[in-house]
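Here is a short briefing on one protein model. Keep the structure in view as you read.

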Amino acid sequence: MGTEQDLVPVLKKLRLSGVLNTLDLRVRQAVDDDLGHVEFLYRLLNDEVERREAKQLQLRLARARFESTKGLDAFDFRFNPQIPKARVVDLCTCAFIERQENVCLIGPAGVGKSHLAQTIGKRACRAGHSVLYTPASRLLDQLRASRADHSYDRVMAKFTGVDVLIVDDLGLRPLRGQEPEDLYELIRRRYERASTIVTSNRAIEEWFPLFNDDLMASAAMDRLLHHAHVIVMEGDSFRNPPPGKRESAAA
């Protein structure tokens, strides 16, 4: 009968060396609880499955490049009760991603648009989806720079190849040069292929002039809004609340 030492090279060949992390524990458990061989093997291999899934999750979270670690439990819906909690919770189920639908979070500064966008993104990572978070300015800067070094297709593929792209703070500044074309191309390539989450301080009707071309604006916005959940987030800023409001919301 092989010993634990004999198992090491075999497990390495099978790329199952992580099993050794819980082997001693599961052997003791099998003896103490009088587990059958199949049950013992199931628990041992399930440990490896969970380990791999946790590793993949951490990899997806790292690749997403989130700027916030906050989750849904850290969002205080009582502070601005007009924000539709039920719709936000529904988006956190990630069903919209399976349907390649988009999300637009609209509202003034400080109401939590970025927080909720990244929260939905983290839920998507946990559901096994690839996600990338980027401020709109960074996205447009990278696409503009890629034209100069002839890496445009590669950079565009980075933004179009993920299941969920989060574009934060669109419209903080007017689009310049070829940026309207880049934004249109991004929306066109992702249309009905993947989900895009966009946050903006501007109302939807103010997005059209950003393209500086009526036809391009119409084509882009028609695609973006065709399968979109538009949530208008009204209320006061979490960062600079009116005097006494934070205390009253917490009460």
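Which residues lie on the two sides of strand 4, and are they buried or exposed? Ser 195, Ile 197 and Thr 199 are on one side, Thr 196, Val 198 and Ser 200 are on the other, and all are buried. Keep in mind that this is a predicted model.

**Strand 4 and its surroundings**

- Strand 4 covers residues 195-200, and 6 of its 6 residues are buried, so the rest of the structure largely encloses this strand.
- Buried here means that under 20% of the relative accessible area is left.
- Both faces of strand 4 are covered.

**Partners of strand 4**

- Strand 1 (residues 102-106) runs parallel to strand 4, and 4 bridges join the two.
- Leu 105 has Thr 199 as its bridge partner in strand 4.
- Strand 3 (residues 164-168) is also parallel to strand 4, again with 4 bridges.
- Opposite Val 164 stands Ser 195 of strand 4.
- From strand 3, the chain passes through helix 9 to reach strand 4.
- This β-α-β crossover is right-handed.

**The whole sheet**

- The sheet is open and has 5 strands, in the order 2-3-4-1-5.
- Its pairing is parallel.
- In general, the strands of a sheet pair through backbone hydrogen bonds.
- Strand 2 (131-135) and strand 5 (228-232) are the edge strands, and each pairs on one side only.
- From one strand to the next, the twist averages 10°.
- Helix 7 (residues 136-148) packs on the sheet, where it touches strand 2 and strand 3.
- The direction of helix 7 makes about 95° with that of strand 2.

**Helix 9 against helix 10**

- Helix 9 spans residues 179-190, and helix 10 spans residues 214-226.
- The two helices pack at an angle of about 30°, and their axes are 9 Å apart.
- Their crossing is left-handed.
- Helix 9 brings Pro 180, Glu 181, Tyr 184, Ile 187 and Arg 188 to the contact.
- Helix 10 meets them with Met 216, Ala 219, Ala 220, Arg 223 and Leu 224.
- Of the residues in this contact, 7 are nonpolar, 3 are charged and none is polar.

**To recap**

- Strand 4 is joined by bridges to strand 1 and to strand 3.
- Helix 9 has two roles to trace: the chain crosses through helix 9 between strand 3 and strand 4, and helix 9 packs with helix 10.

Key: Residues numbered from 1 in each chain as written. Predicted model: local features only at pLDDT ≥ 70, side-chain atom pairs only at ≥ 80, totals over all residues. Heavy atoms only, no water. Axes fitted to C-alpha atoms, helices over the stretch in contact; angles between N-to-C directions. Left-handed = near helix turned anticlockwise from the far one by under 90°. Contact = heavy atoms within 4.5 Å. Nonpolar A, V, L, I, M, F, W, Y, C, P; charged D, E, K, R; others polar. Buried < 20%, exposed > 50% of the residue type's maximum accessible area, 1.4 Å probe, protein only. Pairing = 2+ DSSP bridges. Right-handed = clockwise from strand over helix to strand, strands pointing away.
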